[in-house]
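Please look at the structure shown here, and follow the text from one pair of charged side chains to the next before turning to a single residue at the end.

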Amino acid sequence: YYSLEEHESMRKVVRELAEVYPNQQYVMNLAALHGQLGDRQQQLALVEAMLDDGRVTRSAYLRMLASLFLAENLPFKAARLLEQSIAEGKIEADIQTLEQLSQAWYLAQEFDRAIEPLARAAQQSETGDLYLRLAGLHMDAYDWAAADEAAELALTKGDLKREGDAWLLRGMANAQLERFDAAERLFNKALAFESVRSHANRWLVYVAGERRTRSVSATP
């Protein structure tokens, strides 16, 4: 049936096989066929039932289930599964897994919990792109100092796909911290990148306005 690409017939046979020999491999093969045939709900129900029975132990299957949870808009379950599997040593805490864990916590609106795994992934990465994403999370959390530090690390590590974003973000963080001299310098760096030039110019106008306001307020 596989050679003939008759997947529905193949699923019927694999279902019988899994019923007679309900080991992890056969049941997961059946779950994969459910997914291939577009029946993700049945796929998820089957794999989650195995997880509840403690029969899902392989890292590949645990990762697949986490991806299924995310696809079915169940990010909290995905995050809890990944976090527990990492803690128990069932899944390696590599860059891909830590990124997925951070994404799951973010989609679950647990923004603070999304930061730590992304920071760990950024440390392992050979480029600064993940540090730049980490800076964005800190900005979302209104932690300007941490955002500036992460964006600086992104620039230090280098090889960024969007270097201009890093200079812009650092300028924004310093502007929020009222470090206007530093912010102006950073926004001027951002002007070299067309993708963020208009934003940098608007922020330079903002910084100049804030300086004028403070100058007037300080006048006796």
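In this predicted model, a good place to begin is the salt bridge in which the side chains of Arg11 and Glu8 meet, with 2.8 Å from N to O. Both residues belong to helix α1 (residues 7-20), where they are 3 residues apart, about one turn of the helix. Arg11 has a relative accessible area of 10% and is therefore buried, since buried means under 20%, whereas Glu8, at 37%, is partly exposed.

Side chains of opposite charge can pair when their charged atoms come close. A second pair is formed by Arg63 and Asp94, whose closest N and O atoms are 3.4 Å apart. Because Arg63 lies in helix α4 (residues 59-71) and Asp94 in the loop between α5 (75-87) and α6 (95-107), this pair ties together parts that are 31 residues apart in sequence. Asp94 is buried, with a relative accessible area of 19%.

A third salt bridge joins Arg211 to Asp181, the closest N and O atoms being 2.2 Å apart. This pair links distant parts of the chain, with Arg211 in helix α12 (residues 194-218) and Asp181 in helix α11, 30 residues apart. Arg211 counts as partly exposed at 27% relative accessibility, while Asp181, at 59%, counts as exposed. Elsewhere, Asp148, Arg170 and Arg179 are joined into one network by salt bridges that share partners.

Helix α11 (residues 180-190) also holds Ala190, which counts as buried at 0% relative accessibility. Among the residues that Ala190 touches, leaving aside those up to four places away in sequence, are Trp167, Val196 and Ala200.

Key. Residues numbered from 1 in each chain as written. Predicted model: local features only at pLDDT ≥ 70, side-chain atom pairs only at ≥ 80, totals over all residues. Heavy atoms only, no water. Helix = DSSP H or I, 4+ residues; strand = E, 2+ residues; numbered from the N terminus. Buried < 20%, exposed > 50% of the residue type's maximum accessible area, 1.4 Å probe, protein only. Contact = heavy atoms within 4.5 Å. Salt bridge = Lys/Arg side-chain N within 4 Å of Asp/Glu carboxyl O.
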